[in-house]
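Me: I'm just getting started with protein structures and would like a close look at one part of this one. Could you pick a helix, walk me through which way its residues face, and then show me how other helices here pack?

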Amino acid sequence: MGRTMTPALVAGLLFLAACGSGSGTSGAGGGSGEPKTGGTLTFAVGSDTGCADPQQVASNDSIYSVRQLVDSLTDQDPETGEIVPWLAESWDVSKDASTFTFHLREGVTFSDGTELTADVVKANFEAVPDLGALATLATGYLTGVKEITAEDPQTLTVAFEHPNAQFLQATSTHSLGIVSQASTELTPQERCTQGIVGSGPFTLAEYVPSQSATLKKRTGYAWGSSLWTKDGEAYLDEVVFKVLPEAGVRTGSLQSGQVDAIGNVARADEPALEASGATLQARANPGAVFNLGVNNSNPILQDEKVRQGLRNAIDRQQIADTVFNSGTEPATSILSRTTPGYHDLSAELGYAPEEAKALLEEAGWKPGADGVREKAGQKLALNLAWFANSPTNQPAVELIQQQLKDAGVAVELKQYEISQGPEVQQSGDFDLMWGNLTRADPDILRTLYSTSLANVYRVPASDLDSTLTAEAGAVDAAERKELVAQAQEAIVGNAYVIPVVELQTKLGVAARVHDLNFEASSRIQLHDTWVE
Amino acid sequence: MMRRYIAKRIAQAVGVLWAAYTLSFFILVLLPGDPVTAMAGQGMDSAPVDPARLEALRAEYGFDQPAPLQYLEYLGRALTGDLGDSVATGRPVTQLITEALPQTLLLTASALTLALLFGGALAMAATYSERRWVRQFLLSLPPLGVSVPTFWIGLMLVQFFSFRNAWFPAFGNDGVKGLVLPAVTLAVPTGAQIALVLAKSLSTTLDEPYIATAKAKGAGRVHVHLRHALRNAALPALTVAGLLVGALMANAVVIETVFSRNGLGRVTQAAVAAQDIPVVQGVVVYGALVFVVVNLLVDLVYPLLDPRIVLAPTRPQAVAA
């Protein structure tokens, strides 16, 4: 009777969060005919953060809906990574990248009728540090802010204590999407449960936590991003986001036409969806690829040769081809291809099992009787911490365990809940840690590997620090690109971290849906989307 | 004497509620992590979180206090009827529960009705049938129903009755149509339990001498089955039905997740994932309350079914059959 039952259908029960990721620039569906105005799009996601405030959410499933409620000061071109006008018509950045002046567009209103002014934006940014535990992204972007000044109604200046080149890209993200003055005055929890008032192409009509979010077209909207193809209002009248935690139900609902699009398509569900006429749309997530974060303070892993040995022992193509959705690419740097400043290091990240063995031999680790390498009576045994927040994590780390075993390294897998993540990172109680980090700006490298910040991976102080500091202060795009390339070479060359595969966001989209586009962070933009 | 009995049961119920409240608190506290780290770690990405900021947030939410102190504070408030606010959403726990409750009650009540009807009918048919193979076939169904995972039944039903044939919606709380699949799914394990117990106790009862007497007096088979046997055999099934209320609520968590139905199960699942202690405790207290009340009602119904049962244990002579 289970003829069409996919393994994922059975296996996927009760999966909690797992926001996907990925990005793509071109719309789904063939461009058949003229775009039509009106209609409803139903989008099924797997989870809900319980919060309808873009400044506080970090998981894709929540970002998809709340992103549509707000506009940002800037937008980012998914093709080039370039920052382009949205609410800000233009901006000036000081020579040391520490002061940013935005010139706001006139005539923008929030859906409560109030006007967008520099004071409102100031109130937005000043409220961010008090947003509480959820808002880790937004607070990170504004760290080190010195003064925010509304020079006049259309001019806003944000000054930082240190050079902070990433801030310009940060203003394009959902995390710094602008809400109305009234919304900034609510408590963080009120913002979550009531939802915020924005100036975006859609307004929040109803939000039922863990259940659904209903968005209505904002009438009179006329200040879309410079990247959008349609001027004025959105095509769609209504967008309904449904939370369907069970992957099999999401897939079946798309196949049977009960929903129009779904997030997080698993490899096993792809053939059935394609057979039903749905389009699969994929884009690699920008930012740090899925990697084995190395605890560089571990006595075994302090040896560069051991780290490089591990790096060469991993068959990235096999992992991409068996675990992740089709089209997933092996890592060719610590940054993914869709990240601005990405630098191709595929030569160093090929599968080289013999080299790996030679490196481990050189480091003094000789094969033991049970196949596990030994040195002075100690076994080459490492633990690998991973979190149960995505269905692909377990098969990925299990395959890595196998591959490293072939090189004579014993890996013990340690599973944690995602809520334990911050603690595991802080305590340093791991040898290797599986993870990724989505961000469409190369400054993610400084966040992760600078010794002057959290330095979760206990990277030793080196030239890398000065490179990363220089990158944060580089206003000139070419100069920044050069510095970021140097940083990637240092990180991958020294194997401070072991890049594995890119994360690819894959959406399933019904044939009646057109121009459901990925933005630069591989999340969705629905202003230009239309349905037949 | 009835009053004394009920007073005693209420005292027991309060004890059960307190134990459930305390146990759930300490289990949640013993879990690694806390609501603050759960919130900070949302999403799939592994962004490092500033430790100083985490400490500040813990202090803000009161999670820097020693667990026993937190417990006393929660308990003190609970005694005044205030179950506190959700850590994750800031909304009052009582409000969260009362909002979600009607949908879950509707679901569990429908499922229990279906379970009693079909489970009862199955047991009756199995014990009534004189053909050996029919009997054996029918009796083999309940163990199957008990052992198959509920979520699997749900997924199979959705597959056939929603995806392949669009007769019912696959998700949501809309109307009677949306209720059918989840209620049937939930009714399967419950009905199977009832059928299991009732069939066993019916076949035992049917061997009793008084049944033979009734038959000898010329009572028809149907009459004997319904009038004489069922009444006595229903007692164990009723006890099980009382216990099943607990299982129904536990299964509702799974069913509501599979069918994406709004209800107490979803609230529970989200709260456990977020380690939202006040909400989990609110649900636990509510669950314990329902369980205690239902089982008290079951006990009170016994004498109506079987006059030999008297609830006051102080009069032992009354128990004599």
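Reply: Let's start with helix α16 of chain A, residues 463-472, keeping in mind that this is a predicted model. Its buried residues are Leu464(A), Asp465(A), Thr467(A), Leu468(A), Glu471(A) and Ala472(A). Those residues span an arc of only 165 degrees around the axis, so they sit on the same side of α16(A). If you're wondering how the numbering fits in, an α-helix has 3.6 residues a turn, so residues three or four places apart point the same way. Now flip the helix over: the face turned away from the buried side of α16(A) carries Asp463(A) and Ser466(A), which are exposed. And what covers the buried residues? Among the elements doing that are α5 (166-170), α15 (444-449) and α17 (477-493) of chain A.

Now hop over to chain B and compare α11(B). Seven of its 10 residues are buried, so α11(B) is largely enclosed by the rest of the structure. The buried ones are Leu264(B), Gly265(B), Arg266(B), Val267(B), Thr268(B), Ala270(B) and Ala271(B). They pack against α5 (93-128), α10 and α12 (277-305) of chain B. After α11(B) comes Gln275(B), which has a positive phi, near 50 degrees.

Since α10(B) just came up, look at how it packs with α7(B). Two packed helices are described by the angle between their axes and the distance between the axes. For α7(B) and α10(B), the angle is about 30 degrees and the axes are 9 Å apart. That angle makes α7(B) roughly parallel to α10(B). The crossing of α7(B) past α10(B) is right-handed. On the α7(B) side you'll find Thr150(B), Phe151(B), Gly154(B) and Leu155(B), and they meet Asn251(B), Val254(B), Ile255(B) and Val258(B) of α10(B). Sort the residues of this contact by class and you get five nonpolar, three polar and no charged.

Finally, zoom out to where the two chains touch: 43 residues of chain B are in contact with 58 residues of chain A. On the chain B side, α2 (35-40), α3 (51-61), α7 (150-164), α10 (221-258) and α11 (264-273) each supply at least two residues. So which helix gives the most to that side? That's α7(B), with seven residues. By class, the side of chain B that touches chain A has 25 nonpolar, 14 polar and four charged residues.

Definitions and conventions:
Residues numbered from 1 in each chain as written. Chains lettered and ligands numbered in written order. Predicted model: local features only at pLDDT ≥ 70, side-chain atom pairs only at ≥ 80, totals over all residues. Contact = placed C-beta atoms within 7 Å. Helix = DSSP H or I, 4+ residues; strand = E, 2+ residues; numbered from the N terminus. Nonpolar A, V, L, I, M, F, W, Y, C, P; charged D, E, K, R; others polar. Buried ≥ 20, exposed ≤ 12 C-beta atoms within 10 Å, placed from the backbone. Arc of directions from axis to C-beta. Axes fitted to C-alpha atoms, helices over the stretch in contact; angles between N-to-C directions. Parallel < 35°, antiparallel > 145°, perpendicular 65-115°, else oblique. Left-handed = near helix turned anticlockwise from the far one by under 90°.
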